Amino acid sequence: MNALHAYAACVLFAAASATGFLNGEEEGPVKLKATVGDSVVFNCRLEFPNDLPIPYIMHWNKGGSTVFSWADGQLSAEDPYKGRVSPAHDGVLPGVAGSGVGAINLTSIRESDKGWYECRVHFPNRTPSTRLNGTWFFLDVDGGTLLATPPINVTTLEGQTAHFSCITKDRNNRVTWYKDGTPISDIVELRQRSFVSDDGSLTIAPTAMGDPGEYMCEVSDGSMRQQASAHLDVQYKAKVMYSPREMQLPFGRSATLDCHFRANPPLTSLRWEKDGFLFDPYNVQGVFYRRNGSLFFSKVDETHRGRYTCTPFNDLGTEGPSPVIDVRVQRPPVFTIKPHNMYLRRTGDSVAMPCDAVNGGDTERPLIVWFKKDGTPLPRSRITMEGGNLTLVDIVEDDRGMYQCVASNGAATISVETELVLENTAPRPPFNLRAVSSTTSVTLTWLPGLERPETQHSVWFRISDSPQWHVLPDASELDLSAPYRQSDTPEWRTLRVGDTGSTEAMVSGLKSGREYEFMVLSQDEHGDGMFSKAIRVKTAGTSTVEEVPHEFRTSIGSFQQIGPPRNVSVRVSSEGYLVHWDPPAFGAEDLKHYVVRWARGAPDSGYLPSGSDATEDLSYTIRYLEEDRLYTIFVLSINANDVEATSHPVSLYVPPYRSQRALSVGMAVGLGLVAVAVAAAWYLREKQIRRLREQDEDADDSAPSSNGKGKN
């Protein structure tokens, strides 16, 4: 065999020399090697005259005949190369300068592909038409395999037959087919339409639009395996897959009307019709095409109501229009019946809470549901629903609270609230009290026991090692801005939460490293409720038993004390609210950073934390605060051992700038109108005076003539 190959090479070399092909400018042959089922690239070097691309024709010859060729941008192949040859150049157009512009990819290699290949390039618009362009290749195919003919890529139309070859050298070898890695025997919808012949080839008949994918045949003889893959592409006309019978578009809001289609080849166009006429969004105000062909309504109105159909198209055509989509315009719901604000009942009684709504401008009823505002489920065994009316029987204590009737449609969701109050029942105290502590403050959160809009809360706290239980007569007498000293009486202190309904508060001015006890009390117009369960919270840092005067404070062990920031001030700047301070009087050498905190409320009425930030500078800009609000701002100095010291709080009232600007504009407009009125009055007055003067002058001119007649 080696002698035969050597003899063939010598014959080819002699033939090339005899024709003058090899004259010193041609390169030697390229040797390629592949296994059955693999792919290989023949890269024919293409050189243009003066490196300027011109029209060319490329032929690939084997055994004295052309097996595939490239001309006018089209690649053609003869049997058995059809379906296995594709261009492999890296340019968009063949002939563009770059590596591999004449490259050809041969897939699904067979043993019969072995042999010598010659690439020849012709320039039809030049004389002579041939140049010293061309390359010889020798493809060596590994014959020690199980496969004789591997599968090749198949493109077919939906409903036609697809055939994949997988011919083995030995009929006794086992062949297994896979689709995208899954055995075809496990794919029910494909197993019913496919069969494997005796030689191992796969046939799918008829093909469906869900069949495209990678098909792999695996050949096994018990000791070794070999795999080869090919792709199936099933093409079909563009078709509508799903179409709703009815669509509700929300009035006054944006909406999308989709056309659910599939197309292979890809979609080329999509046509919409409305009420039997062509609907062109380019001629309709506020309606646009999306990239997928859907209709986008920027603001739905009554003119968009109608019967729509969509028809998709691709290069193969269309399967036809979609079923009619009845598009309706839906307005937000409106309550026609509302429940009372409050229902007062006793345990064991029943209550009926009416609620009903209709879609705006329509008599149809939206979806109406009832919820309990605190999230607890309604007792299904004791409630009945008729339309939108809720009836609750055998009332128990847990039924009290706020209820919501919610009406919803595609345009909007609205709700109305009512409260169920029980007589002779103790109010539920606040619960789920939680705390987060720092060195000198504790932030508390809780859940309200009274679900009423005007509920007020106050925080009660004291050092937990106190054996006494006393209540201060008036919380306004407390100075919460001062540190809580060891010498203070261990009585309960109160802190009223500023905002009604708020369930969060921060207690500041506490002593570091000490344990405190906290409770929350709820109050409303009916009086005090009940205390929550008390919790104990320890502040961070190291406990200090007594206060040391500033002038005697020094390092204690490895902990360095630090003083609070001094002379804190706030002023309005172009960027927001500038907070400035001086460094602490002692401990500044161990300063790690400052923390600026701001909270809604005054020091004597409780804080509602709003924000905080750390900085190493002596100033910080708070960029946004709500208008018409009172804020309390304080600065903390923190050293390397996380010991904190809090400055005295600074109060800042943010005026209602918007209303002031509106008032200023209104005054300016009013003054302008007054000025116009004055000018108009002055103009009319001057015009009247001028008219009277003209009348007097006319009278004077006629007076002598009449006098003369009288005298004569």
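**Notebook: aromatic pairs and two loop residues**

Started with two rings: Phe42 and Tyr117 are both buried. Note to self: this is a predicted model.

**Entry 1, Phe42 and Tyr117.** I looked up how these two rings sit against each other. They make a tilted aromatic pair, 5.0 Å centre to centre with 45° between the planes. Then I checked where each one lives. Phe42 is in strand β2 (residues 40-43) and Tyr117 is in strand β8 (residues 115-122), so the pair ties together parts that are 75 residues apart in sequence. I also wanted to know which aromatic cluster they belong to. Phe42 and Tyr117 share one with Trp60, Phe68, Tyr81 and Phe137.

**Entry 2, Trp116 and Trp136.** Next I went to another pair. Trp116 and Trp136 meet edge-to-face, with 6.1 Å between centres and 70° between planes. This pair also links distant parts of the chain: Trp116 is in strand β8, Trp136 is in strand β9 (residues 130-142), and they are 20 residues apart. Are these two tryptophans buried or exposed? Trp116 has a relative accessible area of 24%, so I put it down as partly exposed. Trp136 comes out at 19%, and the cut-off for buried is under 20%, so Trp136 counts as buried. For the tally, I noted 17 aromatic pairs in the structure.

**Entry 3, Arg331 and Phe251.** I looked for a charge over a ring and wrote down this one. The charged end of Arg331 sits over the ring of Phe251, 3.8 Å from the ring centre.

**Entry 4, Asn173.** On to a loop residue. I found Asn173 in the loop between β13 (167-168) and β14 (174-179). Is Asn173 buried or exposed? With a relative accessible area of 13%, Asn173 is buried. What does Asn173 contact, leaving aside neighbours within four places in sequence? I listed Leu146, Thr168, Val219, Ser220 and Asp221.

**Entry 5, His340.** Last lookup of the day. His340 is in the loop between β29 (333-337) and β30 (342-345). Its relative accessible area is 55%, so I have His340 as exposed. Not counting residues up to four places away in sequence, His340 touches Glu417 and Thr418. I also checked His340 against Glu419: they are 79 residues apart in sequence, and their C-alpha atoms are 8.4 Å apart in space.

**Loop residues, side by side.** Asn173 is buried, whereas His340 is exposed.

How values were computed: Residues are numbered from 1 along each chain as its sequence is written. This is a predicted model: local features need pLDDT of at least 70, side-chain atom pairs count only at pLDDT 80 or more; totals for chains, interfaces and linings use all residues. Side-chain values use heavy atoms; hydrogens and water are left out. Helices (H or I, at least four residues) and strands (E, at least two) are DSSP runs, numbered from the N terminus. Buried means under 20% relative accessible area, exposed over 50%, partly exposed in between (1.4 Å probe, protein chains only). Contact means heavy atoms within 4.5 Å. Rings of Phe, Tyr and Trp (its six-membered ring) pair if their centres lie within 6.5 Å; planes under 30 degrees apart count as stacked, over 60 as edge-to-face and the rest as tilted. A charge sits over a ring if NZ of Lys or CZ of Arg is within 6 Å of the ring centre and within 35 degrees of the ring normal.
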